Amino acid sequence: DGEARVTANTLTVSVGNVIKGLRQDIGDRNGEFTQAVTERSRLLQLAMGACLFGVAFMVIYLHRAVILRLRNLQEVMRARVDGEDRPIPTHGNDELADMAKSLEFFVTAIDLRERELRKLSLAIHQSPATTIITDQQGVIQYVNPKFTQTSGYAAGEAIGHTPALLKSGRMAAEIYRDLWATVRSGREWRGSLMNRKKSGELYWE
């Protein structure tokens with residue numbers, strides 16, 4: 001009986017030590033797990049902060065490098081349309097600068113063409129010769145003041161009609177066919193026509 005009691009006590013102590021060791025091990029592992037979770041959470045927060053900083057930086061960069069420059073370019077183009085001679089901003093070496101330089105080239109070319117057209121328009125308007133401009137169908141689109149002075153037809157009376165408005169009935173039909181065939185082919189027709197004024201008076205031109 002004594003031996004059995006000793007063996008039981010020894011077994012009880014051994015089991016208790018095992019349980020105590022298991023509890024200690026579990027506690028240590030729980031501490032390590034908690035520490036690992038805390039560390040990962042801190043790293044995750046740092047990563048999220050870095051991402052937010054990167055996004056904010058990109059937004060600021062895009063606003064300054066793209067949006068503000070595009071707005072400035074838009075304002076300059078509106079001013080040019082309104083007649084202001086403001087230079088197009090072409091500074092920089094990126095795609096926006098290249099686009100602005102191309103835009104400046106085309107705008108300059110258009111400005112030069114418009115100046116030439118204004119000079120031509122003024123020359124035609126002030127020409128001492130009767131000038132009629134028609135479309136491809138021969139409908140009058142413009143007449144200069146000399147036309148009104150010579151024919152007696154105001155611009156509003158002539159525009160929308162064909163030059164047949166001036167036909168005197170004294171010229172051969174072949175002459176008119178030759179005139180229109182020459183003009184429509186892009187060549188220059190030279191000759192004289194007997195026309196009729198609004199008053200009915202005949203005149204050579």
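By class, the residues that line the largest cavity divide into seven nonpolar, three polar and one charged. That cavity belongs to a predicted model, and a search of the whole structure finds one cavity of 30 Å³ or more. The space inside the largest cavity comes to about 100 Å³, and its lining is made up of Arg69, Leu70, Asn72, Leu73, Pro89, Thr90, His91, Leu96, Ala97, Met99 and Ala100. Two elements, H1 and H2, each give two or more residues to this lining.

## Pockets

Rolling a probe the size of a water molecule over the atoms shows where empty space is left. Besides the cavity, there are pockets to describe, and the largest of them has a volume of about 770 Å³. It is lined by 24 residues, and those lying nearest its centre are Ile132, Pro163, Leu179, Trp189 and Leu193. Strand S1, which covers residues 132–134, and helix H5, which covers 173–184, are the elements that give two or more residues to this lining. The greatest contribution comes from H5, with five residues. Sorted by class, the lining of the largest pocket holds 11 nonpolar, nine polar and four charged residues.

The second largest pocket has a volume of about 240 Å³, and the residues lining it are Met77, Arg80, Val81, Gly83, Glu84, Asp85, Val107, Ile110, Asp111, Glu114, Arg115 and Arg118. Helix H1 (2–81) and helix H2 (95–125) each supply at least two residues of that lining, and H2 gives the most, with six residues. In this second pocket the lining has four nonpolar, one polar and seven charged residues. H1 and H2 also appear as the elements giving two or more residues to the lining of the largest cavity.

## Asn144 and its surroundings

Another place that a newcomer may wish to look at is Asn144, which sits in the loop between strand S2 (140–143) and helix H3 (145–151). Is Asn144 buried or exposed? With a relative accessible area of 1%, Asn144 counts as buried, because the limit for that class is under 20%. Its side chain has backbone oxygens as partners: a polar atom of the Asn144 side chain lies 3.2 Å from the backbone oxygen of Ile124, and the side chain of Asn144 also reaches the backbone oxygen of Ala129 at 2.9 Å. Leaving aside residues up to four places away in sequence, Asn144 touches Ile124, His125, Ser127, Ala129, Thr130 and Thr131. Ile124 and Ala129 are thus both in this list of touching residues.

## Salt bridges

Side chains of opposite charge can pair when their charged atoms come close. In this model the count comes to four salt bridges, and the table sets out some of them, with the separation given from N to O.

| Pair | Closest N to O separation |
|---|---|
| Arg113 and Glu116 | 4.0 Å |
| Glu157 and Lys198 | 2.5 Å |
| Glu174 and Arg177 | 3.4 Å |

The pair of Arg113 and Glu116 lies within helix H2, where the two residues, three apart, are separated by about one helical turn. Arg113 has a relative accessibility of 53% and therefore counts as exposed, the limit for that class being over 50%.

The salt bridge between Glu157 and Lys198 has another setting, with Glu157 in helix H4 (residues 155–158) and Lys198 in the loop between strand S3 (194–196) and strand S4 (202–204), so the pair ties together parts that are 41 residues apart in sequence. Glu157, at 32% relative accessibility, counts as partly exposed, and Lys198, at 45%, is likewise partly exposed.

Glu174 and Arg177 are both found in helix H5, three residues apart, which is about one turn of the helix. How exposed are these partners? Glu174 has a relative accessibility of 49% and counts as partly exposed, whereas Arg177, with a relative accessible area of 53%, is exposed. Helix H5, which holds this pair, is also the element that gives the most to the lining of the largest pocket.

Conventions: Residues numbered from 1 in each chain as written. Predicted model: local features only at pLDDT ≥ 70, side-chain atom pairs only at ≥ 80, totals over all residues. Heavy atoms only, no water. 1 Å grid on protein atoms, 1.4 Å probe; cavity = no way out; pocket = protein on both sides within 12 Å on 5 of 7 lines; lining within 4 Å. Points joined across faces, edges and corners; volume = space filled by probe spheres on them. Helix = DSSP H or I, 4+ residues; strand = E, 2+ residues; numbered from the N terminus. Nonpolar A, V, L, I, M, F, W, Y, C, P; charged D, E, K, R; others polar. Buried < 20%, exposed > 50% of the residue type's maximum accessible area, 1.4 Å probe, protein only. Polar contact = N/O pair within 3.5 Å; in protein donor to acceptor, adjacent residues only side chain to side chain. Contact = heavy atoms within 4.5 Å. Salt bridge = Lys/Arg side-chain N within 4 Å of Asp/Glu carboxyl O.
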